[in-house]
Amino acid sequence: MQMTRARHGQALRTSGFTLIEIAISLTVIAFLMIGGISMLRIQNERARFAETKAAMDEATQALLGFAASHGYLPCPASPTESDDTKFGTALPGCGSGANRGIVPSRDLSISGVDGWGQYLSYEVTYALTLPPITAGITNFALDTGGTLKLRTSSASGNPVVTDTATAFALWSHGPNGHYGISFQRVPQPASDQPGVIAANPDETANTPTPAPSIPPAARILVSHDEVSSPSNPEKNFDDRFVWMSRFILFRTISSAGYCIPHSGSTDTCNNSTSSSSSSSSSGSSSGAGSSSSGGSSTSSSGG
């Protein structure tokens, strides 16, 4: 009888030890699953950031390519366009404050969408969107300044770069998507919980559809480091920017064969063309090197 009880007790102890092992194993598996999910989330987020950077790089190169081909930059596309055949098409003109919208993806033949499925926003200096009046000569001059105002804050922030130095800017509305336009063409809310969590004024400044009450001269774009504040979600900021120097734009357009005049006068371009043609003729008869005739060819073939 005592033997039977001893064996029964041993069996219970063995059974209890096995249950503890199972519990420990399940706990370890749970921690591994949680860690694995966290790693997948981090990897997924990194992939979205990489996709966004690639989309912004592609859009930047496409805009520079457009400028090299046409001698000017395209206007933005309207983020509120309802016609499927026109959505993503550059506006025919972007004066009177229409120089901010979304990237004209249809004209540039790119997706124009970031890693979170939102269209990239785009603002451009209006004077740089005017097509050439005379073939080969731009409608803007070397002293034409940019009009974009990039600031470190919507509340009297410091300039990120010199105001007149920027030709255009592209930006993603980041993971939270506030104020962005989704791939389904739906405007995103200003906060995670509209009416509960106030909109961040820095992200409000970057909306692709500025309020008509804000005159174009008073508009700004805000770019600074990401801010994540769980206790104050209205301070969260995750917009991501890239901007283009007008000097790089001018070099790109000039390298494509266009002449950018000085101080709005085409005389310098006309004189340069005449001088180059004269030098080319003189060089041909005297056996001049190819660099002179090559320069003449480049100057006269733009547009």
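How many nonpolar, polar and charged residues are in the lining of the largest pocket? That was my opening question today, and I kept in mind that this is a predicted model.

**Entry 1: the largest pocket**

I sorted the lining by class and found four nonpolar, three polar and seven charged residues. I then looked up the space in this pocket, which comes to about 250 Å³. The lining is made by 14 residues, and those closest to the pocket centre are M56, D238, D239, R240 and F241. I also asked which elements give two or more residues to the lining. They are α1 and β6, the latter spanning 240–245. Helix α1 gives the most, with five residues. A friendly reminder to myself on how such spaces turn up: rolling a probe the size of a water molecule over the atoms shows where empty space is left.

**Entry 2: a nonpolar patch on the surface**

Next I went looking for nonpolar side chains on the surface. I found a patch of about 510 Å², made by L19, I22, L26, I29 and M33. I picked I22 for a second look and placed it in helix α1, which covers residues 2–70. Is I22 buried or exposed? Neither, as I read it: I22 has a relative accessible area of 43%, so it counts as partly exposed, since that class lies between 20% and 50%.

**Entry 3: two residues with positive phi**

I turned to the backbone with one rule in my head: most residues other than glycine have a negative phi. Y179 caught my eye, with a positive phi near 75°. I located Y179 in the loop between β4 (166–172) and α3 (201–204). Its relative accessible area is 18%, so Y179 is buried, the cut-off being under 20%.

R185 went into my notes too, as its phi is positive at about 70° and it is not a glycine. Where does R185 sit? I found R185 in the loop between β4 and α3. With a relative accessible area of 31%, R185 is partly exposed.

**Entry 4: G95 and a residue further along the chain**

Last, I looked up G95, which lies in the loop between α1 and β1 (100–102). G95 has a relative accessibility of 24% and therefore counts as partly exposed. I also checked G95 against T125, which is 30 residues away along the chain. The C-alpha atoms of G95 and T125 are separated by 9.5 Å.

Notes: Residues are numbered from 1 along each chain as its sequence is written. This is a predicted model: local features need pLDDT of at least 70, side-chain atom pairs count only at pLDDT 80 or more; totals for chains, interfaces and linings use all residues. Side-chain values use heavy atoms; hydrogens and water are left out. Patches are made of residues with over 30% relative accessible area and no salt bridge: like charges are joined within 9 Å, nonpolar side chains (Val, Leu, Ile, Met, Phe, Trp, Tyr) within 5 Å. Accessible areas come from the Shrake-Rupley method with a 1.4 Å probe; for residues, only the protein chains shown count as cover. A salt bridge is a side-chain nitrogen of Lys or Arg within 4 Å of a carboxyl oxygen of Asp or Glu. Helices (H or I, at least four residues) and strands (E, at least two) are DSSP runs, numbered from the N terminus. Buried means under 20% relative accessible area, exposed over 50%, partly exposed in between (1.4 Å probe, protein chains only). On a 1 Å grid over the protein atoms alone, a cavity is a set of points where a 1.4 Å probe fits but cannot get out, and a pocket is an open set with protein on both sides within 12 Å along at least five of seven lines; lining residues have an atom within 4 Å of a point. Grid points are joined across faces, edges and corners, and a volume is the space filled by probe spheres set on the points. Ala, Val, Leu, Ile, Met, Phe, Trp, Tyr, Cys and Pro count as nonpolar, Asp, Glu, Lys and Arg as charged, and the others, Gly among them, as polar.
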